[in-house]
Amino acid sequence: MRRVRSGASSRTSAERSLTSVAAGATYTGDVRAAGETDESQEGGTVDVPRLWHVTLSVSGGEAPLKEVRRGLEQLAHDHPFLLTSRYAPDHAEIRYWEEARDLHDAAAVALRLWGEHRQSAQLPPWEIVGLEVIDRDTYHHRIAEGYGPLPATPVGVHPF
């Protein structure tokens with residue numbers, strides 16, 4: 001998946017538009033890495049990255065709302081694939097699409113996100129208290145059935 005931040009140079013952070021380009025599902029095909037020949041693949045099954053919808057919940061001691069918002073906006077700037085963040089003085093929820101080979105890889109990346117960016121984005125010293133990782137089909141099925149996480153609209157960083 002190619003992650004693109006549309007119009008990043010011409011818009012302010014409040015007007016930033018985030019766009020994701022979908023990846024394909026696991027498929028059978030004649031896919032070759034650079035330098036491989038027909039004999040090396042012979043039409044076998046190839047694992048390609050899939051899209052996973054991630055909801056990461058963090059919580060901890062109270063922090064000033066302005067600082068929480070600024071930290072989440074910095075995180076969204078550092079990782080433009082973030083769809084939406086909601087926050088309160090003592091907790092936040094981040095939703096985004098992750099491209100990964102399987103659920104284990106998507107969950108591992110999600111569990112590192114907060115800690116790896118705590119200093120660079122000056123995020124509160126909160127801990128991860130919840131994680132949901134579901135595949136793209138499950139996400140869309142839930143939405144169609146009227147349950148599950150609501151679509152991440154509006155995109156951006158918002159208070160609860």
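This report describes the fold, sheet, helices, cores and selected residues of a predicted model.

## Overall composition and confidence

The secondary structure of the chain amounts to 4 helices and 9 strands, and these elements follow one another along the sequence in the pattern β-β-β-α-β-β-α-β-β-α-β-α-β. Of the 160 residues in the chain, 33% are buried, while the accessible surface comes to about 9,200 Å², with 50% of it belonging to carbon and sulfur atoms. When contacts between residues at least 6 apart in sequence are considered, 64% of them join residues that are at least 24 apart.

Confidence in the prediction varies along the chain, whose mean pLDDT is 75, with 67% of the residues reaching 70 or more. Among the elements, strand β8 has the highest mean pLDDT, at 96, and strand β2 (residues 17–20) the lowest, at 35. Over residues 1–42 the pLDDT is below 50, although this stretch has 66 contacts in the model beyond near neighbours in sequence.

## The five-stranded sheet

An open sheet of 5 strands, with mixed pairing, is arranged in the order β8-β5-β7-β6-β9. The edges are occupied by β8 (127–135) and β9 (156–159), each of which has a single partner strand, so one side of each is left without a neighbour in the sheet. Direction ignored, neighbouring strands of this sheet are turned by 20° against each other on average.

Strand β7 pairs with β5 in the antiparallel sense over 10 bridges, and within this pairing Arg50 has Ala100 of β7 as its bridge partner. Strands β6 and β7 likewise pair in the antiparallel sense, over 6 bridges, and they form a hairpin with 2 residues between them; here the bridge partner of Thr84 in β7 is Arg95. By contrast, β6 (residues 82–88) and β9 pair in the parallel sense over 4 bridges, with Ser85 standing opposite Val157 in β9.

Strand β7 is mostly covered, with 8 of its 10 residues buried. Glu98 is found in this strand, and Glu98 counts as buried because its relative accessible area is 7%, under the 20% limit used for burial. The C-alpha atoms of Glu98 and Val133 are 9.1 Å apart in space, although the two residues are 35 apart in sequence.

## Helices across the sheet

Two of the helices can be described by the strands that they cross. Helix α2 (residues 65–78) lies across β6, β7 (91–100) and β9, and runs at about 170° to β6. Helix α3 (residues 103–117) lies across β5 (50–59), β6, β7 and β8, running at about 150° to β8.

## Nonpolar cores

In soluble globular proteins, nonpolar side chains tend to be buried together. In this model the largest nonpolar core has 26 residues, and those with the most contacts inside it are Leu72, Leu75, Leu82, Ile94, Tyr96, Trp114 and Trp126. The elements giving two or more residues to this core are β5, α2, β6, β7 and α3, and the largest share, 5 residues, comes from α3.

Apart from this core lies another one, of 5 residues, among them Leu51, Trp97, Ile134 and Tyr139.

## The loop between α3 and β8

The loop between α3 and β8 contains Gln122, which has a positive phi of about 55° although it is not a glycine. Most residues other than glycine have a negative phi. Gln122 is exposed, because its relative accessible area of 53% lies over the 50% limit used for exposure.

Pro125 is found in the loop between α3 and β8 as well, and Pro125 is also exposed, with a relative accessible area of 69%. The C-alpha atom of Pro125 is separated by 9.2 Å from that of Trp114, a residue 11 positions away along the chain. Trp114 itself is listed among the residues with the most contacts inside the largest nonpolar core.

Technical notes. Residues numbered from 1 in each chain as written. Predicted model: local features only at pLDDT ≥ 70, side-chain atom pairs only at ≥ 80, totals over all residues. Heavy atoms only, no water. Pairing = 2+ DSSP bridges. Axes fitted to C-alpha atoms, helices over the stretch in contact; angles between N-to-C directions. Contact = heavy atoms within 4.5 Å. Buried < 20%, exposed > 50% of the residue type's maximum accessible area, 1.4 Å probe, protein only. Areas by Shrake-Rupley, 256 points an atom, 1.4 Å probe, with all protein chains shown as cover. Core = buried A, V, L, I, M, F, W, Y, C linked by side-chain atoms within 4.5 Å. pLDDT = per-residue confidence, 0-100.
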